[in-house]
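This report introduces a protein model to a reader who has not met it before. Please keep the sequence and the structure in view while reading.

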Amino acid sequence: MRTKNLLKVALTTMALFVFMGVQAQVQDANYVTNTETVYQTAGKTFRLYVEPDSVYSPDYNATDGWVLGTNALWTWDYTGLTGTPTSGTPANQNYVEFTNPTVGTYTIGVVETNTIISCDDGGVTKTVEVIAAPTAAITTADPAQACGDQLAMSVQIQFTENVPVAWASYAFAINETVENIDVSDVVIGTALVDNDTFIDYPTTGKLNTLGGTQPDYTWSFNTTALTVRNNLRTRYTYTLIGASDAGSDGLISAISQKSDYEGGTVLTHAFGDNQIVIIVNPAPTTGPIYHIPNNFAY
């Protein structure tokens, strides 16, 4: 079972952070304390929260507004990231926000102190793995043109994202277009088929059954039966596009979607080679042989 807390980020609604005075810092229920490495897509703002000590912030997570203790301080420790508060600076703020993180592995520490006491427990750390945005590409080459009806063809897609298989999960769709074409590959009439949801994995039902190993995962789909239509050359085109609920073309992964949490808008990411083209041709009909008839000079 996948942990859904970090992945189910709505496309149209995001949690609101409510601040009740300068000392109130709201942590919503989508933040969890799972013991795991945090995966985050590069370039996207993210936050880490730390739960305040209940002795020194007794009203935190209470009905009066998640109020932090006036004398409570948190000092975050990190390198290679741009964050607020800055590393090593105590602040009466129990979260740190990082902007535009670059690819890399980061260990982020935090320790709670208090202005009325001089002791601390040494703090805690969290590992964050910032990875490149996901991409997907059709790796099956366009086949040679075939003569006559053909069986359905298996087409392979490679997804590239540096995450363990447990988090490899993707939203996308495949368009199928079927057209009759002339000998110059010019379309005759309108498309016979133009289906944007020939295959559709929306953000609410991502593809998560893949082969391969980190960071390159594979998955295959079958075309329709490749038949010659209307006794004319017939072209079948399969194109990677955005999922039906994505809003634009491009790939969304479980990690890239949750990485958009603070930004408020789920973004798509460009595909690599996004198309395969298959052409089937009617067999030429051999005509009669012409000759000078035997009775020509009879």
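## Asn222 and its surroundings

Asn222 belongs to strand 14; strands (E, at least two residues) and helices (H or I, at least four residues) are DSSP runs, numbered from the N terminus. The model is predicted: local features need a pLDDT of at least 70 and side-chain atom pairs count only at pLDDT 80 or more, whereas totals for chains, interfaces and linings use all residues. Residues are numbered from 1 along each chain as its sequence is written, and side-chain values use heavy atoms, with hydrogens and water left out.

Is Asn222 buried or exposed? Asn222 counts as exposed because its relative accessibility is 52%, the classes being buried under 20% relative accessible area, exposed over 50% and partly exposed in between, with a 1.4 Å probe and protein chains only. Leaving aside residues up to four places away in sequence, Asn222 touches Met153, Ser154 and Phe198; contact means heavy atoms within 4.5 Å. Ile199 is 23 residues from Asn222 along the chain, and their C-alpha atoms are separated by 10.0 Å.

## Confidence

The average pLDDT of the chain is 90, and 90% of the residues score at least 70. This score is the predictor's confidence in each residue, from 0 to 100. Residues 1-24 have a pLDDT below 50, yet this stretch has 53 contacts in the model beyond near neighbours in sequence.

## A sheet of three strands

One open sheet consists of 3 strands in the order 2-5-4, with antiparallel pairing; two strands pair if DSSP finds at least two bridges between them. Its edges are strand 2 (46-49) and strand 4 (82-84), each of which pairs on one side only. From one strand to the next, the twist averages 25°, where axes are lines fitted to C-alpha atoms (for helices over the stretch in contact) and angles run from 0 to 180 degrees between N-to-C directions. Strand 4 and strand 5 (residues 95-99) run antiparallel and are joined by 3 bridges. Thr84 has Glu97 in strand 5 as its bridge partner.

## Loops and backbone features

Thr84 is also joined to Pro85 by a cis peptide bond, with omega about 0°. Pro85 is in the loop between strand 4 and strand 5, and this loop also holds Asn92. Which backbone oxygens does the side chain of Asn92 reach? A polar atom of that side chain lies 3.1 Å from the backbone oxygen of Gly69, and the side chain reaches the backbone oxygen of Ala72 at 2.7 Å.

A second cis peptide bond runs from Gln214 to Pro215, with omega near 5°. Pro215 is placed in the loop between strand 13 (211-213) and strand 14 (216-222).

Two residues other than glycine with a positive phi are set out below.

| Residue | Phi | Loop | Relative accessible area |
|---|---|---|---|
| Asn100 | about 50° | between strand 5 and strand 6 (104-114) | 55%, exposed |
| Asp185 | near 70° | between strand 11 (170-181) and strand 12 (193-201) | 36%, partly exposed |

## Cysteines

A disulfide is a covalent bond between the sulfur atoms of two cysteines. How many disulfides does a search of the whole structure find? The search finds 0, with a disulfide taken as a pair of cysteine sulfur atoms within 2.5 Å. Cys119 counts as exposed because its relative accessibility is 52%. Cys147 is exposed as well, with a relative accessible area of 51%.

Conventions. A polar contact is a pair of N or O atoms within 3.5 Å; within protein, one must be able to donate a hydrogen and the other to accept it, and residues adjacent in sequence count only if both atoms are side-chain atoms.
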